[in-house]
Amino acid sequence: MTMPSTTAAPPERDVAPLLSLRAVNKSFGAVHVLQDVDFDVYPGQVTALVGDNGAGKSTLIKGIAGSQTFDNGDYVFEGAPVTVHSPKDANALGIEVVYQDLALCDNLDIVHNLFLGRELTKNGVLDEATMERRATETLAGLSVRTVRSIRQQVASLSGGQRQTVAIARSVLWNSKLVILDEPTAALGVAQTEQVLKLVRRLADRGLAVVLISHNLNDVFAVADHISVLYLGRTAAQVRSKDVTYNQVVELITGGRSGSLGLSAEQQPEDVAAEAADPVVTAGAGGPATETREETR
Amino acid sequence: MSTATSPVTEGPTQLPTPEPRSLGSAVSDYLARVRGGDVGSLPAVLGLVVLFIVFSILRPNTFTNAFNIANLVNQSAAVIVIAMGLVFVLLLGEIDLAAGWTAGTAAAMMGVVLTREGWAWPLAVVVCLLTGAAVGTLIGLLVARLGIPSFVVTLAAFLALQGVLLKTIGEGGTIAIRDETLLALNNNTMPVWLGWALFAVVVGVYALLSLRRAATRRAGGLQSESTAVVLAKVAVLAVLLGIVVAYLSRERSRNPLISSIKGVPEVVLLLVLLFVGLNFVLARTSFGRHVYAVGGNAEAARRAGINVNTIKLLCFIIGSTLAAVGGILLASRDNSISPTTGGAQTLLYAVGAAVIGGTSLFGGKGKILDAVLGGLVIGVIINGMGLLNQPTSVVYMVTGLVLLVAASVDALSRRRAMATGRV
Ligand SMILES: Nc1ncnc2c1ncn2[C@@H]1O[C@H](COP(=O)(O)OP(=O)(O)O)[C@@H](O)[C@H]1O
Ligand SMILES: [Mg+2]
């Protein structure tokens with residue numbers, strides 16, 4: 001897997017972020033799950049979102065996708081502040097989520113699954129021919145050549161092929177941002193490789209891609225940017241070529257690695273205090289942006 | 001959704017148009033599907049053929065005569081229609097145990113306004129259908145909104161509707177049906193020419209639609225069936241239906257000089273209309289697709305933006321409304337409505353019909369044809385056993401056995417399908 005960012009100028013210099021979250025918060029009752037989180041996603045690039053279990057990754061994604069709304073904070077899309085209060089709002093912006101547990105219907109074929117919920121109709125009748133043609137074109141456009149027939153039931157597909165269908169579904173519409181939640185979690189080596197290639201291809205075609213993964217090998221294989229969440233805070237937003245594997249591990253497990261990460265007053269000795277009093281919000285005025293400056 | 005463009009493909013990718021599917025490959029595809037566990041209607045068709053042969057050998061004069069065949073169709077019609085409604089419910093992976101009593105209750109409401117209020121039959125039919133729809137709405141809301149298992153809700157409805165029916169008609173009472181049109185529905189035959197006209201329309205429309213579909217697909221650069229395959233299918237349909245219509249068009253009155261009986265039963269027209277209409281809904285509309293999606297994976301359907309609750313509600317309404325249609329047929333056939341109309345084995349036969357036809361109790365798999373084929377299988381058993389002078393006890397046992405076989409075929413083909421990746 002080659003990383004295009006190794007030769008190009010730092011992308012964030014000339015590419016404006018497609019999506020910028022600034023200081024978003026989310027609480028469930030007294031539990032402050034997201035605290036002043038910043039998150040940037042760039043078109044044509046893969047941004048990995050990593051963090052330990054319970055760090056708030058899924059909550060962040062749900063907020064972006066509109067299935068849960070943030071309590072406060074700025075949601076900026078294509079440079080303009082927007083309000084996203086439902087999945088429909090997010091879809092209208094061109095945001096699609098591919099969920100961890102595959103959201104496919106085993107008893108339907110690939111075409112039916114690709115268009116599920118948004119079937120094309122002609123005079124109220126399903127337009128099977130057009131749907132099948134579009135589906136074929138989309139899979140061909142993604143260089144997916146492993147499926148035997150586009151009319152086979154999804155139940156007969158391998159894990160990797162199913163993930164491919166789920167991803168293809170997200171790009172079938174005018175999507176600009178595709179969010180993948182653990183797309184390779186259940187896959188073997190060869191199939192993981194296949195899906196990662198597809199992820200890279202999406203970005204190479206100009207889409208912004210967010211990849212949630214626990215596997216740092218996968219992250220370093222495809223991601224241009226890495227965002228680390230630590231206990232509901234942005235520990236770092238860095239370019240993957242600027243950090244090492246071990247630094248990211250430290251950021252995930254401790255929120256800090258050398259000069260990278262959360263400032264001292266938010267660090268381990270405070271963790272216990274924070275856990276006891278989750279409403280405490282240390283002035284995380286933007287450790288992420290500072291971090292990026294430091295790493296240049 | 002009108003703006004489905006794929007940003008990942010720069011312009012339409014030119015793909016080679018696949019060769020149309022030849023007759024040989026169509027047949028071998030089908031055989032491969034069956035071997036893979038996707039048996040479709042095969043068990044029901046085989047069962048029907050075997051039962052026909054067995055009863056024809058055992059009772060060559062009484063079973064296989066036009067009179068009995070027409071009788072068989074009339075006997076099975078109500079169960080077939082109720083089963084058609086159950087297909088919608090079973091596709092969701094739900095059950096409607098109250099469908100039989102819904103039929104009885106709706107028929108009773110029709111009977112009341114017909115006889116006590118003296119309403120015209122079309123109005124009475126509307127009352128019947130609305131009763132069914134109301135029952136379906138209630139069941140659907142309880143299942144979809146409150147999340148009570150359909151087994152429990154419809155078990156409660158099973159008991160309650162039985163009470164409503166008894167209350168409406170009165171202990172030991174009956175409501176006689178005297179309306180000529182309603183009586184004709186499940187007893188009379190249509191003129192011979194009308195039977196053949198119906199035959200011509202069905203075969204002609206099927207041929208036209210199939211050819212048009214193949215042409216559209218070919219024009220769109222998609223794999224299509226060759227004209228030979230389409231014509232072969234049309235020919236098979238024409239021959240099968242032609243034999244039945246020809247047989248039913250024969251004189252079957254014991255005393256033709258006094259009263260001639262020949263022609264296709266009137267109820268067949270209703271069955272054909274329901275079959276075509278419901279098939280269209282399930283196979284060719286977004287709603288139908290969503291029904292399969294909810295039955296296959298409700299969570300996936302929800303995430304795809306499908307309103308799962310609405311789909312469930314609509315399916316229960318459709319199921320109960322069709323049960324009401326079944327109630328009209330029961331009333332027509334019995335010339336009356338009694339506190340047992342729609343009771344006894346009605347529901348079990350209807351569920352059995354759908355399952356024998358190939359509809360899965362696990363949801364996500366089934367079609368309207370299943371109700372027809374399964375309903376005929378059950379009809380043939382009841383009819384044939386009756387001609388063999390078997391006591392009711394034996395009929396029950398045999399029907400139970402056949403249902404068990406059908407459920408086993410369902411379970412086994414599912415396992416086979418799991419193993420080969422076809423669900
Ligand atoms: N609906 C909810 N109600 C209460 N707490 C929640 C809810 N959703 C998530 N949480 C909590 O928020 C924290 C972050 O969860 P999540 O976003 O799922 O983390 P991740 O996906 O990074 O593992 C966890 O401690 C979790 O228990
Ligand atoms: Mg998670």
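**Why is it called that?**

Modeller: Let's start in chain A of this predicted model: E132(A) and R151(A) meet through their side chains in a salt bridge, 2.8 Å from N to O.

Colleague: What does this salt bridge between E132(A) and R151(A) tie together?

Modeller: E132(A) sits in helix α5 of chain A, while R151(A) is in the loop between α5 and α6, so the bridge ties together parts that are 19 residues apart in sequence.

Colleague: And what makes the 2.8 Å pair a salt bridge in the first place?

Modeller: The cut-off is 4 Å between a side-chain nitrogen of Lys or Arg and a carboxyl oxygen of Asp or Glu. Here the N to O distance is 2.8 Å, so the pair qualifies.

Colleague: Is E132(A) buried or exposed, and how do you know?

Modeller: Buried means under 20% relative accessible area. E132(A) has 5%, so it counts as buried. Its partner R151(A) has 26%, which makes R151(A) partly exposed, because that label covers values between 20% and 50%.

Colleague: Which residues are linked with E132(A) and R151(A) in a network of salt bridges?

Modeller: The network also takes in D109(A), E128(A), R217(B) and R289(B). One of its bridges is between the side chains of E128(A) and R289(B), at 2.8 Å from N to O.

Colleague: Why do you say that E128(A) and R289(B) join two chains?

Modeller: E128(A) lies in helix α5 of chain A and R289(B) in helix α11 of chain B, so the pair joins two chains. E128(A) is buried at 14% relative accessible area, and R289(B) is buried at 5%.

Colleague: How many salt bridges does the structure hold?

Modeller: There are 19 over all chains. Another one is formed by R200(A) and D204(A), whose closest N and O atoms are 3.3 Å apart. That is within the 4 Å cut-off, so this pair gets the name too.

Colleague: Why are R200(A) and D204(A) said to be about one helical turn apart?

Modeller: Because both are in helix α7 of chain A, 4 residues apart. Their labels are not alike, though: R200(A) is buried at 6%, and D204(A) is exposed at 51%. Exposed needs over 50%, so 51% is enough for D204(A).

Colleague: On to the rings. How many aromatic pairs are there?

Modeller: Searching the whole structure turns up 6 over all chains.

Colleague: Why is the pair of F220(A) and Y245(A) called stacked?

Modeller: Look at the distance and the angle. The ring centres are 6.1 Å apart and the planes are at 25°, so the pair is stacked. The cut-offs here are 6.5 Å between centres and under 30 degrees between planes. This pair links distant parts of the chain: F220(A) is in helix α8 of chain A and Y245(A) in helix α9, 25 residues apart.

Colleague: What about F52(B) and F63(B): what makes their pair edge-to-face?

Modeller: Their planes are at 70°, with 5.2 Å centre to centre. Edge-to-face asks for over 60 degrees, so 70° fits. F52(B) belongs to helix α2 of chain B and F63(B) to the loop between α2 and α3, 11 residues apart. F63(B) is buried, with a relative accessible area of 1%, whereas F52(B) is partly exposed at 28%. Together with F55(B), these two form one aromatic cluster.

Colleague: Where does the charged end of R303(B) sit?

Modeller: Over the ring of Y99(A), 4.3 Å from the ring's centre. The distance limit is 6 Å, so 4.3 Å passes that part of the test.

Colleague: One more from chain B: why does V45(B) count as partly exposed?

Modeller: V45(B) has 34% relative accessibility, so it counts as partly exposed. V45(B) is in helix α2 of chain B, and forms a nonpolar surface patch with V49(B), I53(B) and I57(B), about 350 Å² of accessible area together. Patch residues need over 30%, so the 34% of V45(B) clears that bar.

Key: Residues numbered from 1 in each chain as written. Chains lettered and ligands numbered in written order. Predicted model: local features only at pLDDT ≥ 70, side-chain atom pairs only at ≥ 80, totals over all residues. Heavy atoms only, no water. Patch = residues over 30% accessible without salt bridge, like charges linked within 9 Å, V, L, I, M, F, W, Y side chains within 5 Å. Areas by Shrake-Rupley, 256 points an atom, 1.4 Å probe, with all protein chains shown as cover. Buried < 20%, exposed > 50% of the residue type's maximum accessible area, 1.4 Å probe, protein only. Lys NZ or Arg CZ within 6 Å of the ring centre and 35° of its normal.
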